[in-house]
Amino acid sequence: MDDRRMLMLIHVLCTALPVFTALAIGVLCRKRNILSREGVDALRKLAVDITLPAVLFSAFATAEYTPRSMLIPLLIFVLCIAALLLGFGMRKLFKCESRLMPYLMTGFEAGMLGYGLFALLYPGQGTAAFAIIDLGQVLFVFTVYKGLIMGRGSAKELARQAFSSPVLWAIIAGMLFGMTGLYSALGPSGVSDVIDKLAEFISAPTSCLILISIGYDLKFSETPWKRVLSYTGMRVIAMALIFAAALFVNRELLGGMMH
């Protein structure tokens with residue numbers, strides 16, 4: 001095996017092995033009764049309410065906010081809506097009975113897994129670049145997505161749920177620090193470095209905690225494989241079309257600013 005292939009193999013292992021190892025630990029914790037259901041729920045809550053907000057605050061505080069860069073979250077927001085509409089069309093075309101099927105065709109996992117995987121895939125890049133993309137998806141989830149799932153007459157409940165989430169407050173706080181220039185202003189004094197190290201330390205176990213909790217719930221014998229594989233195939237088709245649209249808009253309208 002030549003050096004190039006060896007380096008590629010090592011890169012794949014560095015990216016994939018931590019993910020599958022954490023999932024395997026979750027499965028082992030269930031089979032050996034190392035963790036109870038209450039324990040796994042506590043791990044997930046710890047990740048969602050504490051470690052994940054640290055990830056998001058740091059990412060959004062260091063993101064670049066310019067009129068041009070704000071076109072990216074706008075594009076992502078529109079693409080998420082397009083994927084949802086595509087999902088409704090596919091549900092009708094393939095005569096799917098599930099009311100929730102179209103909602104599986106849109107959005108993407110960012111906070112609980114995406115940031116961790118982004119750091120593994122692109123170790124030299126900061127999460128700030130990913131945060132700008134995630135912003136469009138966050139706006140979509142907390143407005144259109146949740147509003148449609150909850151139904152009519154639920155605007156008050158939607159707002160209550162959104163603003164009771166530590167995740168949303170972490171994003172808002174990070175954006176305020178970034179947009180106002182406060183984060184940069186704290187740089188010369190060293191305060192921003194302290195914030196970085198604190199956020200990095202708290203957020204470190206986020207992906208591992210989430211993957212362990214996912215692995216704990218993996219029960220292949222109880223999985224309705226036919227439905228899962230059919231929905232997965234539809235999702236791949238939907239995302240391929242959305243990705244093609246994103247590439248076109250990025251090249252023709254945004255000048256290739258997403259790279």
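## A walk through an all-helix chain

Let's start with the big picture: the protein chain has 11 helices and zero strands. If you read along the sequence, the pattern is simply α-α-α-α-α-α-α-α-α-α-α. Keep in mind that what you're looking at is a predicted model.

How big is the whole thing? Along its principal axes, the C-alpha trace spans about 60 × 50 × 45 Å. A compact globule with 259 residues would have a radius of gyration near 18 Å, and this chain has 20 Å, so the two agree. Inside the chain, 36% of the 259 residues are buried. Now think about which parts of the sequence touch each other. Take the contacts with a separation of 6 or more: 77% of them link residues that sit 24 or more positions apart.

Now zoom in on one helix, α10, which covers residues 206–216. Is α10 mostly enclosed or mostly open? Nine of its 11 residues are buried, so the rest of the structure largely encloses this helix. If you want to find the buried ones on screen, look for T206, S207, L209, I210, L211, I212, S213, G215 and Y216.

Let's pick two of these and see what they touch, leaving aside residues up to four places away in sequence. T206 belongs to helix α10, and it counts as buried because its relative accessibility is 3%, under the 20% cut-off. The residues that T206 touches are A47, T51, L52, V55 and G111. Further along, S213 is also in α10. With a relative accessible area of 1%, S213 is buried too, and it touches V40 and R44.

One partner of α10 is helix α1, made of residues 3–31. The axes of these two helices come within 6 Å and cross at roughly 50 degrees. That angle makes α1 oblique to α10, and the crossing is right-handed. Who meets whom here? On the α1 side you'll find V19, A22, L23, I25, G26, V27, C29 and R30, while α10 brings C208, L211, I212, I214, G215 and Y216. Sorted by class, this contact has 11 nonpolar, two polar and one charged residues. Here's a handy bit of background for reading lists like that: an α-helix has 3.6 residues a turn, so residues three or four places apart point the same way.

While you're on α1, have a look at R4, which also lies in this helix. Buried or exposed? R4 counts as exposed, because its relative accessibility is 68%, over the 50% cut-off. You can also use R4 to compare sequence with space: R4 and L121 are 117 residues apart along the chain, and their C-alpha atoms are separated by 17 Å.

Finally, here's another pair of helices to compare on screen. Helix α2 (residues 37–61) packs with helix α9 (residues 191–203) at an angle of about 145 degrees, and their axes are 8 Å apart. The crossing of α2 and α9 is left-handed. On the α2 side, the contact uses I50, T51, A54, V55, F57 and S58, and α9 supplies I195, D196, A199, I202 and S203. By class, that gives seven nonpolar, three polar and one charged residues. You've already met two of those α2 names: T51 and V55 are among the residues that T206 touches.

Terms used. Residues are numbered from 1 along each chain as its sequence is written. This is a predicted model: local features need pLDDT of at least 70, side-chain atom pairs count only at pLDDT 80 or more; totals for chains, interfaces and linings use all residues. Side-chain values use heavy atoms; hydrogens and water are left out. Axes are lines fitted to C-alpha atoms, for helices over the stretch in contact, and angles run from 0 to 180 degrees between N-to-C directions. Helices (H or I, at least four residues) and strands (E, at least two) are DSSP runs, numbered from the N terminus. Angles under 35 degrees count as roughly parallel, over 145 as roughly antiparallel, 65 to 115 as roughly perpendicular and the rest as oblique. A crossing is left-handed if the near helix is turned anticlockwise from the far one by less than a right angle, and right-handed if clockwise. Contact means heavy atoms within 4.5 Å. Ala, Val, Leu, Ile, Met, Phe, Trp, Tyr, Cys and Pro count as nonpolar, Asp, Glu, Lys and Arg as charged, and the others, Gly among them, as polar. Buried means under 20% relative accessible area, exposed over 50%, partly exposed in between (1.4 Å probe, protein chains only). The radius of gyration is taken over C-alpha atoms; the globule rule is 2.2 Å times the number of residues to the power 0.38.
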